[in-house]
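Me: I'd like a close look at one part of this model, the hairpin and the strands around it. Once that is clear, please carry on to the helices and pockets.

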Amino acid sequence: EAPKLEIDSGKVNLSAVGTYTVLYTARDKTGNVATQEITVTVVEKPESFVEEEVIFARADELLQKVIKEGMTDKEKVRAIYNHLRWSYGYTNHSDKTDWLQGAWIMMDEGRGDCFNYFALTKLLLERCGIPNIDVRKVPNSERDADHYWSLVSVDGGKTYYHLDTTPRMGDG
């Protein structure tokens, strides 16, 4: 039997900017208890925020142009890869706080960094129902940088493959 999880988020006020604590408590059937306190920060919605439904509708319009009826998942992934690789420009920076907003920026502005490429790839794969996993490389030194990409499955989640739509030198 799985431990029972209790979440006490009663102190969180999503309508007020601030920092709040949430307490997680897990209890197993033998009486063992583990607790973990986390911090939740509520921030003001940025003026540039775009609602989820608007982002999904734009992604679906894009997919109607990129995906053809009868394509296999592998063909859909290739079509998404080709579209992202050849339709958008690269910039060196972006806001990485919200992947959906990052995908919107890519569709709206036509350019982005690896986070935006990753975010739009994730959005399109998810709208197609194709299993994918986020991958983030964290910097190892001051001269190193973050990098984002995906693992993608074209066989219903049995096997995953590296998928990085960020432009780079060579074939990739």
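Reply: Happy to. Let's start at the turn: strands S2 and S3 make a hairpin, with five residues between them, and Gly31 in that turn has a positive phi of about 100°. Keep in mind that this is a predicted model.

The two arms of the hairpin run antiparallel, and 10 bridges join S2 to S3, the latter covering residues 33-42. One of the pairings to look for is Arg27, whose bridge partner in S3 is Val33. S2 also has a partner in strand S1 (residues 4-8), and these two pair in the antiparallel sense over five bridges. Here you can pick out Asp8, which stands opposite Leu23 of S2.

A good residue to centre your view on is Thr25, which is found in S2, the strand of residues 18-27. Is Thr25 buried or exposed? Its relative accessible area is 8%, and the cut-off for buried is under 20%, so Thr25 counts as buried. Its contacts, leaving aside neighbours within four places in sequence, are Lys4, Leu5, Glu6, Val33, Ala34 and Thr35.

Now let's move along the chain to helix H2, which takes in residues 73-87. How far apart are its end C-alpha atoms? The 15 residues, at 1.5 Å a residue, should span 21 Å, and the end C-alpha atoms are 21 Å apart, so the expected and modelled spans agree. Within H2, the buried residues are Lys76, Val77, Ala79, Ile80, Tyr81, His83, Leu84 and Arg85. These buried residues pack against two helices, H1 (52-66) and H4 (114-127), and against two strands, S7 (147-152) and S8 (161-163).

Arg78 has its place in H2 too. With a relative accessibility of 49%, Arg78 counts as partly exposed, because exposed begins over 50%. If you want a distance to check, the C-alpha atoms of Arg78 and Phe118 are separated by 15 Å, with their positions 40 residues apart along the chain.

Arg78 also brings us to the second largest pocket: 12 residues line it, and Val77, Arg78, Tyr161, His162 and Leu163 lie nearest its centre. The elements giving two or more residues to this lining are H2 and S8. H2 supplies the largest share, four residues. By type, the lining of the second largest pocket divides into six nonpolar, two polar and four charged residues, and the space in this pocket is about 290 Å³.

The largest pocket holds about 350 Å³ of space. Its lining has 15 residues, and those nearest the centre are Pro46, Ser48, Phe49, Asp95 and Gln101. For this largest pocket the lining splits into five nonpolar, four polar and six charged residues.

To finish, have a look at Leu123, which lies in helix H4. Its relative accessibility is 0%, so Leu123 counts as buried. Not counting residues up to four places away in sequence, Leu123 touches Ile55, Phe56, Ala59, Trp99, Leu100, Ala103 and Met107. For one of these, Ala103, there is also a C-alpha to C-alpha distance: Leu123 and Ala103 are 7.0 Å apart in space and 20 residues apart in sequence.

Terms used: Residues are numbered from 1 along each chain as its sequence is written. This is a predicted model: local features need pLDDT of at least 70, side-chain atom pairs count only at pLDDT 80 or more; totals for chains, interfaces and linings use all residues. Side-chain values use heavy atoms; hydrogens and water are left out. Buried means under 20% relative accessible area, exposed over 50%, partly exposed in between (1.4 Å probe, protein chains only). Contact means heavy atoms within 4.5 Å. Two strands pair if DSSP finds at least two bridges between them. The expected span of a helix is 1.5 Å times one less than its number of residues. On a 1 Å grid over the protein atoms alone, a cavity is a set of points where a 1.4 Å probe fits but cannot get out, and a pocket is an open set with protein on both sides within 12 Å along at least five of seven lines; lining residues have an atom within 4 Å of a point. Grid points are joined across faces, edges and corners, and a volume is the space filled by probe spheres set on the points. Ala, Val, Leu, Ile, Met, Phe, Trp, Tyr, Cys and Pro count as nonpolar, Asp, Glu, Lys and Arg as charged, and the others, Gly among them, as polar.
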